[in-house]
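Okay, thanks for coming, everyone. Have a look at the screen and I'll talk you through what I found.

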Amino acid sequence: MIVAVPAVLTSIVAQWRDVGAGAQPATQWNRRTWVGGFPERHEFLEGLPDGIDREVATGHAARISGADTAVQAFIVAMIWGYGRVGYGAYRARRVLTENEDSGGRLAEVADVARQKKDPLAAFEHLSQHPLTHLGVAFGTKYLYFCSAAVRESHAGRTAIAPVLDAVVRPWLTAHTELRRLHIDRWDVKDYRRYFEALSDWSEQLELPMDRIEELIFRWQVTQNGSRFYSESWATTSTATRDAAEAMQQLHLALAELSGGSDLAEKAQPHIEAIAALIARGGAPT
C-alpha cells in the first residue's frame with residue numbers, strides 16, 4: 001500500500017522550493033579536536049574542508065577501496081554527524097578501536113551497500129554483525145553515504161539508505177503513522193517501514209529520498225518542529241547559527257545517551273526555552 005505524503009511534509013517541500021531550494025548547510029567542525037583524537041590521521045584531517053557537507057562525505061564513501069579508506073570515510077561521516085560536539089572524535093575512535101578489524105568490517109558494510117540494489121541489505125548486515133558503540137543514529141549516517149555514492153548505478157532516487165536519528169524520529173512520531181521507530185537497536189522491520197515510506201514520498205513529491213530526509217531534519221529543528229534549533233529558511237547571524245547548532249547537538253547527545261527515549265524528551269521543554277532566547281536574540285533586523 002502506498003504511504004500518502006503527510007500534509008505537513010507537502011508544506012515543508014513547498015516552503016523549501018519557495019525560498020530557492022537550497023541545500024543543507026555544511027557542518028562546521030573543530031579540526032583541533034579531531035586531530036587530537038586521531039593524531040595518526042593528522043595529514044588526512046588537515047586536508048578536509050572547514051565545512052563538511054553531504055557531497056564531501058559522499059565523495060569519501062565513493063573512494064572506499066579497503067579498510068583504510070573505509071575508516072577515512074567513516075571519520076568524515078562522523079564529523080558530519082557530530083559537528084562541533086566535543087566528544088565526537090572520542091565516540092568515533094571508540095568504534096574503531098574497540099571492534100576487531102573495524103576498518104575491514106566497515107569496508108564490508110560499504111561493499112554490501114554499494115553492490116546490492118536493495119540498500120536495506122546494508123542495514124540488515126549491520127543488524128547481524130553490529131559494531132560495538134555504533135548505534136542506528138550514527139550508523140545510518142555511514143550507510144547513507146556509502147549507498148549515496150552509487151545511487152546512479154542503482155536507479156537513482158530509491159537507492160539510498162536514509163539516515164534515521166534522534167531528530168528525524170520525533171518528527172515521524174508526530175506527523176506520521178511511523179510511531180516509535182527504534183534507534184536503540186538495529187531493528188530491520190522498523191527501518192524497512194521508514195525506508196518504504198520515504199520511497200513512496202519520493203515518488204509522489206518527485207524528490208530523492210535523501211532530500212526528503214534532509215528537509216524533515218531541517219524542518220524538525222526549526223520553530224515549526226522541534227524548537228531547540230532555530231535554523232531559519234532565510235538568513236540568520238553566524239552567532240545565532242552556532243548557538244542553535246549547540247542546542248541541536250545537546251539534544252542529540254541526550255537522545256544518544258538515553259537510547260533515543262525518555263531523557264531527551266524530558267529535557268525538550270528546557271532546551272526549547274533556551275532556543276527561544278537564542279532565536280529572539282539572533283533575529284535579523
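Let me start with a question: which residues of H6 are buried? Keep in mind as you look that this is a predicted model. The buried ones in H6 are Gly88, Ala89, Arg91, Ala92, Arg94, Val95 and Leu96. That's 7 of the 10 residues in this helix, which runs over residues 88-97, so we can call H6 mostly covered. And yes, Arg91 and Arg94 are on that buried list.

Next, helix H9, residues 136-148. All the way along, H9 is covered: 13 of its 13 residues are buried. From its first C-alpha to its last, H9 reaches 17 Å, close to the 18 Å expected for a helix of 13 residues at 1.5 Å a residue.

Now for some packing. How do the axes of H1 and H12 cross? Helix H1 is residues 7-18 and helix H12 is residues 209-220; their axes come within 10 Å and cross at roughly 90 degrees. So these two helices are roughly perpendicular to each other. On the H1 side, the residues that meet H12 are Val8, Leu9, Ile12, Val13, Gln15 and Trp16. On the H12 side you've got Arg211, Ile212, Leu215, Ile216, Arg218 and Trp219. Sort that contact by class and you get 9 nonpolar, 1 polar and 2 charged residues.

Two of those H12 residues come back in another role. Arg211 and Arg218 are linked with Glu214 in a network of salt bridges. That takes us to charge pairs in general. Side chains of opposite charge can pair when their charged atoms come close. In this model the count comes to 10 salt bridges, and I'll pick out a few.

Take Asp50 and Arg31. They form a salt bridge, with the closest N and O atoms 2.6 Å apart. The two sit 19 residues apart, Asp50 in the loop between helix H3 and strand S2 and Arg31 in helix H2, so the pair links distant parts of the chain. Is each partner buried or exposed? Asp50 counts as exposed, at 53% relative accessibility. Arg31, on the other hand, is buried, with a relative accessible area of 17%.

Then there's Asp68 with Arg41, another salt bridge, where the closest N and O atoms are 2.9 Å apart. Asp68 lies in helix H5 and Arg41 in the loop between H2 and H3, so this pair ties together parts that are 27 residues apart in sequence. Asp68 is partly exposed, with a relative accessible area of 43%, while Arg41 counts as buried at 16%.

What about Asp187 and Arg185? Their side chains meet in a salt bridge too, at 3.6 Å, N to O. Here the aspartate is the buried partner: Asp187 has a relative accessible area of 16%. Arg185 is partly exposed, at 42%.

One last spot to find on the screen. Glu55 lies in helix H4, residues 54-62, and Glu55 is exposed, with a relative accessible area of 66%. Now, how far apart are Glu55 and Ala149 in space? They are 94 residues apart in sequence and 9.2 Å apart in space, C-alpha to C-alpha.

That's my tour. Shout if you'd like me to go back to any of it.

Terms used. Residues numbered from 1 in each chain as written. Predicted model: local features only at pLDDT ≥ 70, side-chain atom pairs only at ≥ 80, totals over all residues. Heavy atoms only, no water. Axes fitted to C-alpha atoms, helices over the stretch in contact; angles between N-to-C directions. Helix = DSSP H or I, 4+ residues; strand = E, 2+ residues; numbered from the N terminus. Parallel < 35°, antiparallel > 145°, perpendicular 65-115°, else oblique. Contact = heavy atoms within 4.5 Å. Nonpolar A, V, L, I, M, F, W, Y, C, P; charged D, E, K, R; others polar. Buried < 20%, exposed > 50% of the residue type's maximum accessible area, 1.4 Å probe, protein only. Salt bridge = Lys/Arg side-chain N within 4 Å of Asp/Glu carboxyl O. Expected span 1.5 Å × (residues − 1).
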